[in-house]
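Work through the exercises below with the coordinates open. Try each task before reading its solution.

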Amino acid sequence: MPEVLRAPLVVEFPFTRSLGPVQSAFLTGLRERVVLGVRTTDGRVLVPPVEYDPVTADELRDLVEVAPTGTVTTWAWNPHPRPGQPLATPFAWVLVRLDGADTSLLHVLDAPGPDSVRTGMRVRVRWAATRTGAITDIACFDPYGGAPAQPSGSTGEFADPVTGIVTPARLDYTYTPGRAQSAYLDALAEHRTVGERCPQCRKVYVPPRGACPTCGVATTEQVEVGPRGTVTTFCIVNIKARNLDIEVPYVYAHIALDGAGLALHGRIAGIPYDQVRMGLRVEPVWTEGARHPDHYRPTGEPDADYDTYRELL
Amino acid sequence: MSKEPVAVVGIGQTKHVAARRDVSIAGLVREAARRALDDAELTWADIDAVVIGKAPDFFEGVMMPELYLADALGAVGKPLLRVHTAGSVGGSTALVAAGLIAARVHGTVLTCAFEKQSESNAMWGLSLPIPFQQPLLAGAGGFFAPHVRAYMRRSGAPDTIGSLVAYKDRRNALKNPFAHLHEHDITLEKVQSSPMLWDPIRYSETCPSSDGACAMVLTDRAGAARAPRPPAWMHGGAMRSEPTLFAGKDAVSPRAGKDCAADVYRQARITDPRREIDAVEMYVPFSWYEPMWLENLGFADEGEGWKLTEAGVTELDGDLPVNMSGGVLSSNPIGASGMIRFAEAALQVRGQAGEHQVEGVRRALGHAYGGGSQFFAMWLVGAEPPST
Ligand SMILES: [Zn+2]
């Protein structure tokens with residue numbers, strides 16, 4: 001059996017978020033070195049604040065300033081910080097109940113080692129030197145021996161409030177196309193297109209999936225198809241996609257390779273885009289080092305009769 | 001034991017717009033939910049369970065909306081479920097909620113669907129850089145355009161049909177205060193001269209990107225008896241799925257869509273949908289999908305759907321109005337779009353649709369589809385309770 005392929009797949013995108021009134025005030029406050037909570041219907045102060053009461057579902061808008069000092073309610077030592085975490089040196093993850101709050105905020109404590117951390121210890125916010133309106137405006141917490149700090153007297157209203165943030169998301173996968181697709185890709189390297197026939201309905205899947213989705217049985221019998229095929233339908237793409245290095249206009253077509261049970265998708269070139277038609281006979285054009293045909297071009301044969309491909313649109 | 005009849009007693013939606021920068025996602029969903037409760041004259045405490053739906057996770061990057069939205073939707077201490085079926089999700093979400101009532105698991109259920117396309121990226125979410133695959137296309141328009149061409153070839157439809165649908169839906173939207181696009185100066189000529197994006201699909205024949213949410217309160221017979229306004233009664237509902245691509249797939253008129261409609265009609269005892277259904281809200285993100293779905297849903301024989309559109313049958317004052325609200329072509333918060341179809345069908349039989357109300361609607365169909373024409377969800381609602 002040929003080697004099964006593997007490759008990294010990184011999915012990464014910066015999502016924007018509108019904050020709404022409560023998160024807007026909270027993050028703007030951090031920028032101004034003020035920690036805001038919100039008062040619930042039953043009078044508790046939640047930090048960080050939420051828009052809706054977790055008990056009554058009431059809309060909450062009564063913002064309350066709390067102190068930048070507080071008490072650790074529980075903690076866990078992190079001996080091996082990872083990239084992107086708040087501190088580069090070993091630290092404690094802590095839940096801190098700030099003075100004036102009824103709930104605890106998740107953050108980190110800069111401490112020399114786990115022996116210097118305990119539940120009940122007093123801590124104080126260390127503000128970041130540059131603040132933008134983000135939870136990282138609190139750089140971390142430091143151990144603190146003084147009296148509870150007093151709130152600054154903020155009203156919770158600020159000039160030039162932060163109304164939106166960007167939250168990058170990134171997922172790292174190892175992708176494997178599996179046994180059937182790996183065999184298909186191996187054959188493509190020799191400029192051959194090899195699908196798999198379903199033992200039950202006899203249809204040839206190109207690319208193969210290792211199973212027939214209609215019959216629900218495994219496919220193993222390899223069948224070479226093409227190289228020629230028929231354009232069964234298509235569209236002319238006139239808008240350029242940012243992530244694609246293809247000049248517009250171009251023709252995106254469904255191509256039924258001779259012997260295949262369904263059409264695959266490819267680009268048609270070697271013919272003016274406005275002369276491409278359903279039934280056009282085409283063949284693949286390979287370029288050096290590419291895994292897939294670069295495009296398909298007309299073979300010069302007469303067009304296929306509609307009835308020969310009407311089930312393959 | 002027969003099923004409990006399901007009634008729609010509250011409907012809410014937001015004004016759909018390009019960007020709602022003033023609210024968080026929670027604030028947006030909450031707005032629709034609050035309006036649905038107000039319509040039903042109920043409070044959060046009257047709700048037994050909450051069922052929500054949204055667009056695929058990569059679109060907005062919100063992976064677990066049920067965690068994030070529990071307090072905004074008053075779901076603390078109650079069951080909160082999330083449904084996930086790509087673009088049809090708004091429809092299937094409503095059907096899951098309805099199933100909880102029909103099975104007498106709960107008496108009154110709040111169901112919501114939403115999307116902030118302005119904080120999302122559908123094109124990116126649909127075009128992940130999968131290793132070993134050839135990137136050829138980005139977004140949905142290029143994916144669906146070849147199917148439209150296949151329909152034109154199969155039916156012999158004149159190439160102006162798509163523009164007629166877009167012109168109709170955009171005019172209907174002018175009567176719907178919640179619609180995103182309000183193109184007061186729309187003309188047929190403008191639609192027909194708009195740029196070709198994915199030939200044969202023109203710019204004006206495509207849906208916009210919208211921020212919006214929709215919510216409904218569904219309840220049982222006892223709940224309907226207490227409702228302050230006329231309920232819409234569910235007479236049938238069904239979902240069907242099939243793979244995106246398989247040998248023998250009919251992308252123009254998918255088998256899953258036909259089977260789904262047949263199941264709904266069987267439940268509702270409909271034998272001639274063209275005569276027995278008064279109005280339809282169907283998921284038409286590209287205008288040509290109106291004639292395609294008219295055939296798929298059994299309102300016309302194969303190859304004949306475009307003739308209904310051309311003859312004006314689907315106009316607001318036609319014999320079978322389609323997308324009275326302006327449809328997906330006028331508002332498309334993807335995750336909510338299916339539920340908006342269901343809700344608009346219900347508004348019509350309740351007589352609550354306002355300026356886009358069609359006189360005398362007794363039975364209306366709500367339809368949603370998603371993925372590569374692979375998920376279908378539909379319900380048929382009536383002004384009268386179903387006969388049991
Ligand atoms: Zn098979």
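## Exercise 1: A sheet and its helix

In this predicted model, R197(A) stands opposite E221(A) in β15(A). Place this pair in its sheet and find the helix that lies across β11 and β15 of chain A.

Solution.
- Step 1. Take strand β11 of chain A, residues 193-197. Five bridges join β11(A) to β15(A), and the two run antiparallel.
- Step 2. Extend the sheet. Three strands of chain A form an open sheet, ordered β12-β11-β15, with antiparallel pairing.
- Step 3. Mark the edges. β12 (204-205) and β15 (221-225) of chain A each pair on one side only.
- Step 4. Add the helix. Helix α2 of chain A, residues 178-189, lies across β11 and β15 of chain A. Helix α2(A) runs at about 150° to β11(A).

## Exercise 2: The zinc site

List the protein donors of the zinc ion and classify the arrangement of the four donor atoms.

Solution.
- Step 1. Collect the donors. They are the SG atoms of C198(A), C201(A), C212(A) and C215(A), lying 2.3 to 2.4 Å from the zinc ion.
- Step 2. Check the angles. The four donor atoms subtend 107 to 113° around the zinc ion, which makes the arrangement tetrahedral. The ideal angle for four tetrahedral donors is 109.5 degrees.
- Step 3. Read the spacing along the chain: C-x2-C-x10-C-x2-C.
- Step 4. Locate two of the donors. C201(A) is in the loop between β11 and β12 of chain A, and C215(A) is in the loop between β13 (211-212) and β14 (217-218) of chain A, so the pair ties together parts 14 residues apart in sequence.
- Step 5. Check accessibility. C201(A) is partly exposed at 31% relative accessible area. C215(A) is partly exposed too, at 23%.

## Exercise 3: A threonine in chain B

Is T206(B) buried or exposed, and what does its side chain reach?

Solution.
- Step 1. Find T206(B) in the loop between β6 (201-202) and β7 (211-219) of chain B.
- Step 2. Apply the cut-off: buried means under 20% relative accessible area. T206(B) has 8% relative accessibility, so T206(B) counts as buried.
- Step 3. Follow the side chain of T206(B). It reaches the backbone oxygen of Y203(B) at 2.7 Å.
- Step 4. Look further along the sequence. Beyond four places away, T206(B) touches residues including R170(B), W198(B), P285(B) and L329(B).

## Exercise 4: A phenylalanine in chain A

Which residues is F15(A) in contact with, leaving aside neighbours within four places in sequence?

Solution.
- Step 1. Locate F15(A) in strand β1 of chain A, residues 7-18.
- Step 2. Check burial. F15(A) counts as buried, at 2% relative accessibility.
- Step 3. List the contacts of F15(A) in chain A: I165(A), V166(A), T167(A) and A169(A).
- Step 4. Add those in chain B: F58(B), F59(B), E60(B), G61(B), E119(B) and W124(B).

Terms used: Residues numbered from 1 in each chain as written. Chains lettered and ligands numbered in written order. Predicted model: local features only at pLDDT ≥ 70, side-chain atom pairs only at ≥ 80, totals over all residues. Heavy atoms only, no water. Pairing = 2+ DSSP bridges. Helix = DSSP H or I, 4+ residues; strand = E, 2+ residues; numbered from the N terminus. Contact = heavy atoms within 4.5 Å. Axes fitted to C-alpha atoms, helices over the stretch in contact; angles between N-to-C directions. Donors = N, O, S within 2.8 Å, 3.2 Å for Na, K, Ca; no water. Tetrahedral: all angles 85-135°; square planar, octahedral: opposite > 155°, others 65-115°. Buried < 20%, exposed > 50% of the residue type's maximum accessible area, 1.4 Å probe, protein only. Polar contact = N/O pair within 3.5 Å; in protein donor to acceptor, adjacent residues only side chain to side chain.
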